[in-house]
Amino acid sequence: QSTWDGGEELVTPPLDGLILPGITRMSVMELASEWNNISVIEATVTMKDLIELVAEDRLIEMFGCGTACAITPIREIVYNGEKIQIPERNLKEKLSTRIYKELTDIQFAKSGEHRWQYIVG
């Protein structure tokens with residue numbers, strides 16, 4: 001989401017029982033926190049918050065992550081029978097795309113050595 005001062009935040013719900021702790025979530029948060037232009041925060045985001053962010057044109061993009069889906073963009077949410085369109089901004093590079101590329105480059109050793117890689121065998 002965009003902050004009022006023009007910065008960007010990656011907001012993820014806290015681990016409160018609804019969100020599973022996982023390596024993909026942790027990896028996304030670690031990668032994004034290493035990039036200077038993004039703040040990573042854990043915060044509860046309600047549907048009211050989401051609707052306000054869309055109305056104020058502050059929601060940049062939305063995605064889910066996990067072992068099975070890796071990084072999956074979210075385009076629409078149905079809430080109380082209403083469709084909420086998640087914006088698809090024409091960005092030079094979407095955060096979800098950047099994270100997906102970085103994660104897969106690390107997994108397949110395309111980006112050189114990384115601290116998460118270990119030689120086995």
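## A helix and its expected length

The expected span of a helix is 1.5 Å times one less than its number of residues. Let's try that on helix α1 of this predicted model. With 12 residues, α1 should span 16 Å, and its end C-alpha atoms are indeed 16 Å apart, so the two values agree.

## From strand to helix to strand

Strands β1 (residues 8-12) and β2 (residues 38-42) run parallel and are joined by five bridges. To find your way along the pair, look for Glu 8, which has Ile 38 of β2 opposite it. Between the two strands the chain passes through α1 (residues 23-34), making a right-handed β-α-β crossover.

## The buried side of the story

Which residues of α1 are buried? They are Thr 24, Arg 25, Ser 27, Val 28, Met 29, Leu 31 and Ala 32. These buried residues pack against β1, β2, β3 (63-66), β4 (70-73) and α3 (95-107). As a general guide, an α-helix has 3.6 residues a turn, so residues three or four places apart point the same way.

## Two nonpolar cores

The largest nonpolar core has 12 residues, among them Leu 10, Val 28, Leu 31, Ala 32, Trp 35, Ile 38, Phe 63 and Ile 71. Two or more residues come from each of α1 and α3, and α3 gives the largest share, four residues. Trp 35, one of the core residues, touches Leu 95, Arg 98, Ile 99 and Glu 102, leaving aside residues up to four places away in sequence.

There is also a second, separate core of six residues, including Leu 59, Ile 77, Ile 84 and Ile 86.

Methods: Residues numbered from 1 in each chain as written. Predicted model: local features only at pLDDT ≥ 70, side-chain atom pairs only at ≥ 80, totals over all residues. Heavy atoms only, no water. Pairing = 2+ DSSP bridges. Right-handed = clockwise from strand over helix to strand, strands pointing away. Buried < 20%, exposed > 50% of the residue type's maximum accessible area, 1.4 Å probe, protein only. Contact = heavy atoms within 4.5 Å. Core = buried A, V, L, I, M, F, W, Y, C linked by side-chain atoms within 4.5 Å.
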